[in-house]
Amino acid sequence: MFAADVSDSRSIASDYNERSTVLDVPYQWPQGQVYGSLKPNPAHQFTPGQAIQIVLEPEHKDGKTRVRDLTLKVLQKDRFTLLDQNNKPVAEEIDLVHLLAEFGKLTEAGQDPFVTIDIAGSLTLRQLHEFFSLIQTLDRETGIRVEAPPPGQLYYRAFFPEEQWRDRSKRLGRPWELHAKVGNANGALTGTLILPADDIDNNGGKGDLKFVVNSPEELAKTLKEKSDRWSQTVYIFATPDLKYGALLDFIGSAMKTHPGVYIFLPAPPASRP
């Protein structure tokens with residue numbers, strides 16, 4: 001089937017990012033940012049049923065491409081290696097200043113760096129949050145484009161949930177809470193899974209449902225067996241010094257059925273008036 005014929009919003013050319021459209025805009029522009037701010041040029045209005053011809057041609061006739069596929073390996077807090085699409089180093093063991101300079105060279109040359117970010121498991125969640133805060137400022141039309149992460153890792157936006165979601169009454173659906181902590185001297189994690197009570201049946205009158213999970217297998221099994229369609233997302237509450245690799249080891253199996261994950265680090269202290 002042709003998506004524009006059967007899928008809402010039945011779009012042929014969208015002025016915002018629409019999954020089923022035929023022609024999408026070439027930049028990140030959610031629907032909410034477009035309404036009221038982007039309007040048709042009155043000098044070029046189409047009439048219903050009017051036929052139009054769309055001509056597509058390469059930007060560069062010599063075969064040069066705008067997109068550069070890259071992999072950024074985050075080795076340490078301030079150590080990076082940048083690889084090309086053939087896994088050959090563009091820059092090895094560089095610091096943040098030189099990494100930004102490499103991105104700058106590409107964008108100034110009119111190229112779009114599409115970057116897969118591969119994070120070392122030794123980084124703490126605090127270090128990762130600080131780094132991803134920078135990435136968030138670079139991920140824009142005139143900067144880099146962040147691709148999906150390598151298998152088993154988290155997309156960087158998982159570290160930036162809506163702060164209001166700390167309040168259960170302002171969440172969408174009924175996401176799980178996973179309160180994770182280091183469980184032994186080897187750095188392996190344990191945790192407590194909480195399925196918050198809701199306003200409809202209060203979990204059958206039982207209030208919050210709590211499950212102690214001491215292994216990745218227990219975590220995956222509990223989520224698979226105890227979830228309904230409203231509880232497919234997991235909010236992870238963790239300490240900033242937790243190792244990224246330890247967290248991935250703990251949630252890896254569970255992500256096969258519950259890939260929607262958000263990381264909540266302790267809320268910053270409220271500023272004084």
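## A buried glutamate and its partner

At just 5% relative accessibility, glutamate 177 counts as buried. Keep in mind that this is a predicted model. Glutamate 177 still has a charged partner: its side chain meets that of arginine 168 in a salt bridge, at 2.9 Å from N to O. Arginine 168 is partly exposed, with a relative accessible area of 36%.

## Salt bridges within helices

The structure holds 14 salt bridges in total. Side chains of opposite charge can pair when their charged atoms come close.

Helix α3 (residues 96–108) carries one such pair, lysine 105 and glutamate 102, which sit three residues apart, or about one turn of the helix. Their closest N and O atoms are 3.5 Å apart. So which end is buried and which is exposed? Lysine 105 is exposed, with a relative accessible area of 53%, while glutamate 102 counts as buried at 17%.

Helix α6 (residues 216–226) offers another case: glutamate 225 and lysine 221 are four residues apart there, which puts about one helical turn between them. Their side chains meet in a salt bridge, 3.1 Å from N to O.

## Arginine 145 and its network

Some of the charged residues join up: Glu59, Arg66, Asp112 and Arg145 are linked in a network of salt bridges. Let's look at arginine 145. This residue is found in strand β5 (residues 145–146) and counts as buried, at 12% relative accessibility.

What else does arginine 145 touch? Leaving aside its neighbours within four places in sequence, arginine 145 is in contact with Pro26, Asp112, Pro113, Phe114, Val115, Asp139 and Arg140. The arginine 145 side chain also reaches the backbone oxygen of glutamate 141, at 3.1 Å.

## The five-stranded sheet

Strand β5 belongs to an open sheet of five strands, in the order β3-β2-β1-β4-β5, with mixed pairing. β3 (89–94) and β5 stand at the edges with a single partner strand each, so one side of each has no neighbour in the sheet. Further in, strand β1 (residues 67–76) and strand β4 (residues 112–119) pair in the parallel sense over eight bridges. To find a spot along that pairing, look for leucine 72, whose bridge partner in β4 is isoleucine 117.

Helix α3 packs on this sheet, touching β1, β2 (79–83), β3 and β4, and its direction makes about 160 degrees with that of β3. Helix α4 (residues 125–138) lies across β1, β2, β4 and β5, running at about 175 degrees to β4.

## Aromatic pairs

On to the rings: the structure holds 13 aromatic pairs. One of them is tilted, formed by phenylalanine 131 and phenylalanine 132, at 5.8 Å centre to centre and with 40 degrees between the planes. Phenylalanine 131 and phenylalanine 132 are both buried. They also belong to a cluster, in which ring pairs link Phe80, Phe131, Phe132, Tyr155, Tyr156, Phe159 and Tyr244.

Phenylalanine 237 and phenylalanine 264 form a stacked pair, 4.9 Å centre to centre with 20 degrees between the planes. What does this pair tie together? Phenylalanine 237 lies in strand β9 (residues 233–237) and phenylalanine 264 in strand β10 (residues 260–264), so the pair ties together parts that are 27 residues apart in sequence. Both phenylalanine 237 and phenylalanine 264 are buried.

Notes
Residues numbered from 1 in each chain as written. Predicted model: local features only at pLDDT ≥ 70, side-chain atom pairs only at ≥ 80, totals over all residues. Heavy atoms only, no water. Phe/Tyr/Trp six-rings, centres within 6.5 Å; stacked < 30°, edge-to-face > 60°. Buried < 20%, exposed > 50% of the residue type's maximum accessible area, 1.4 Å probe, protein only. Helix = DSSP H or I, 4+ residues; strand = E, 2+ residues; numbered from the N terminus. Salt bridge = Lys/Arg side-chain N within 4 Å of Asp/Glu carboxyl O. Polar contact = N/O pair within 3.5 Å; in protein donor to acceptor, adjacent residues only side chain to side chain. Contact = heavy atoms within 4.5 Å. Pairing = 2+ DSSP bridges. Axes fitted to C-alpha atoms, helices over the stretch in contact; angles between N-to-C directions.
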